[in-house]
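Student: I have a structure to look at and would like to go through its helices and its empty spaces. Could we take it step by step?

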Amino acid sequence: MSSSESSTSRAQPFNRQAQHDAKRTAILSEAARLFNGKGSRATTLQDIAASLGLTKTSLYYYVRTKEELIYQCYLATLQRQHQALGELEARTRVPVERIVGFLKRQFDQWQDARRGRDVHLAALLEIASLNDEHRGAIEGAYIDLFKRLRGYLRDGMADGSLRDGDSTSMTRAIIGCLDWVFHWLHSVPEDGVAAAAEQAADLLLHGLYAGPGCYHSAIAPADVDSGVTTSGFDRDEQNRLKQEAFYKAGTWLFNKKGFNGASLDEIAEYLNVSKGAFYYHIRNKEDLLYNCYNHSLSIVERVYREAEHAGSTGIEKIDYASRRTFLIQNSDLGPLIRYNTITALPTDRRLEVLARTDAANNHFLDFLAQGVTDGSIRAVDPLVARNLLAGAINASMDISLWRRVDNIDDAARDYFDVFFNGLLRREPAHALE
């Protein structure tokens with residue numbers, strides 16, 4: 001250590017700015033940990049202060065409101081993500097190395113935070129509930145991150161190291177599949193996180209498809225319809241359809257504004273019904289959110305049942321289920337609830353919804369096992385594959401905000417292409433004959 005570095009080190013305890021910055025970092029890290037685990041709704045400033053051994057008054061010196069704290073946590077997350085990209089760009093010019101490096105960094109950072117070697121980063125779950133100024137700043141930083149990653153894909157396609165494809169859809173899918181890493185890695189043993197990162201990289205590089213060339217499905221998803229016919233004289237069915245309309249409107253609003261930003265009055269106004277009629281069917285906002293999850297899960301479970309009969313191979317069934325869900329998510333039948341609001345549910349209901357979600361997603365594991373047996377799918381880690389694809393499906397809503405959509409199923413094929421065929425160039429089928 002040089003004399004100047006030693007002097008700086010000794011002066012650190014007396015450097016008020018350094019102390020302030022260190023305390024602020026600790027507050028953001030602890031807030032992120034609690035927001036990720038309990039949700040922003042269930043976490044109070046008093047909880048964060050108590051967890052750090054501070055008084056609430058001391059915490060107010062650094063942040064005045066919970067909304068401000070959420071914003072600062074999200075900003076810190078995006079700053080770290082951009083920092084990671086900057087380090088990768090300084091280290092290598094190879095596009096695929098930058099992409100894989102960024103992917104693995106998500107796993108490493110989560111593991112380091114769990115071990116106390118790094119700060120916790122907040123999952124960006126409630127951007128929609130921020131005020132206009134804060135939301136604009138976060139969305140701007142997120143879009144910049146998106147463009148940097150998309151640039152790596154385009155560079156790789158230009159130099160021939162990566163397959164050609166719709167770079168915008170592929171980038172959205174990659175970011176989407178990583179958005180939920182903070183949730184499912186809790187189920188991975190501590191000594192298995194590095195292996196999970198390697199498996200995730202392998203899947204994105206090589207895809208699920210075990211055959212030569214690229215996988216192209218000839219199976220069309222079912223037409224979008226409600227699947228319901230009813231008589232105007234069937235009162236029970238009419239009430240059910242009214243409740244379904246509430247759930248669809250609630251889902252739309254929760255997806256757009258988050259739990260905290262959504263208002264029951266807005267939903268009633270959106271449906272052009274009186275508050276009295278609304279509260280006849282819906283007790284409160286939490287109950288509505290819970291029912292929105294169950295409504296979406298009923299649709300997803302139906303999709304998996306359809307997929308059972310849609311194809312003869314495992315990969316065809318996974319392909320059908322993915323594209324059908326994407327189609328619903330981006331059609332009048334949807335949207336399906338985004339799991340960004342899951343932490344707004346109380347613990348018992350949250351665990352119930354997640355257990356039902358896991359049970360539904362286990363159909364994917366069955367299709368995957370069938371695919372490995374019938375030779376249509378490579379031997380991949382089933383849990384990693386399931387969770388990456390589930391994260392991408394969760395993030396697939398409003399694809400038209402990211403790219404032009406002339407045909408929704410073509411957009412779905414572009415979106416999921418990376419999971420079936422990978423990023424790397426493939427040998428054409430005729431070359432292997």
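Tutor: Let us begin with a definition: the expected span of a helix is 1.5 Å times one less than its number of residues. Please keep in mind that this is a predicted model.

Student: Fine. How many residues does helix 6 have, and how far does it reach?

Tutor: Helix 6 covers residues 95–114, which is 20 residues. From its first C-alpha to its last it reaches 29 Å, close to the expected 28 Å.

Student: And what comes just after helix 6?

Tutor: G116 is found there, with a positive phi of about 80°.

Student: New topic. How many cavities of 30 Å³ or more are there?

Tutor: A search of the whole structure finds two. The largest cavity has a volume of about 60 Å³, and the second largest holds about 40 Å³ of space.

Student: Which residues line the largest cavity?

Tutor: Its lining is made up of F35, N36, G39, S40, I70, Y74, A123, L125, E126 and T343. Helix 2 (16–38) and helix 5 (66–91) each supply at least two residues of this lining.

Student: What is the make-up of that lining by class?

Tutor: The lining of the largest cavity has five nonpolar residues, four polar and one charged.

Student: What about the second largest cavity: which residues line it?

Tutor: The residues there are I99, L149, L153, T171, I174 and I175. By class, five of the lining residues are nonpolar, one is polar and none is charged.

Student: Which helix gives the most to that lining?

Tutor: Helix 8 does, with three residues. Helix 8 (167–179) and helix 7 (132–159) each supply at least two residues of the lining of this second largest cavity.

Student: Now pockets. How much space lies in the second largest pocket?

Tutor: The second largest pocket holds about 780 Å³. Its lining has 30 residues, and those closest to the centre of the pocket are I127, E139, R172, R338 and W402.

Student: Which elements give two or more residues to the lining of this pocket?

Tutor: They are helix 7, helix 8, helix 11 (235–261) and helix 17 (382–394). Helix 7 gives the most, with seven residues.

Student: And how do the lining residues of the second largest pocket divide by class?

Tutor: They divide into 13 nonpolar, seven polar and 10 charged residues.

Terms used: Residues numbered from 1 in each chain as written. Predicted model: local features only at pLDDT ≥ 70, side-chain atom pairs only at ≥ 80, totals over all residues. Heavy atoms only, no water. 1 Å grid on protein atoms, 1.4 Å probe; cavity = no way out; pocket = protein on both sides within 12 Å on 5 of 7 lines; lining within 4 Å. Points joined across faces, edges and corners; volume = space filled by probe spheres on them. Helix = DSSP H or I, 4+ residues; strand = E, 2+ residues; numbered from the N terminus. Nonpolar A, V, L, I, M, F, W, Y, C, P; charged D, E, K, R; others polar.
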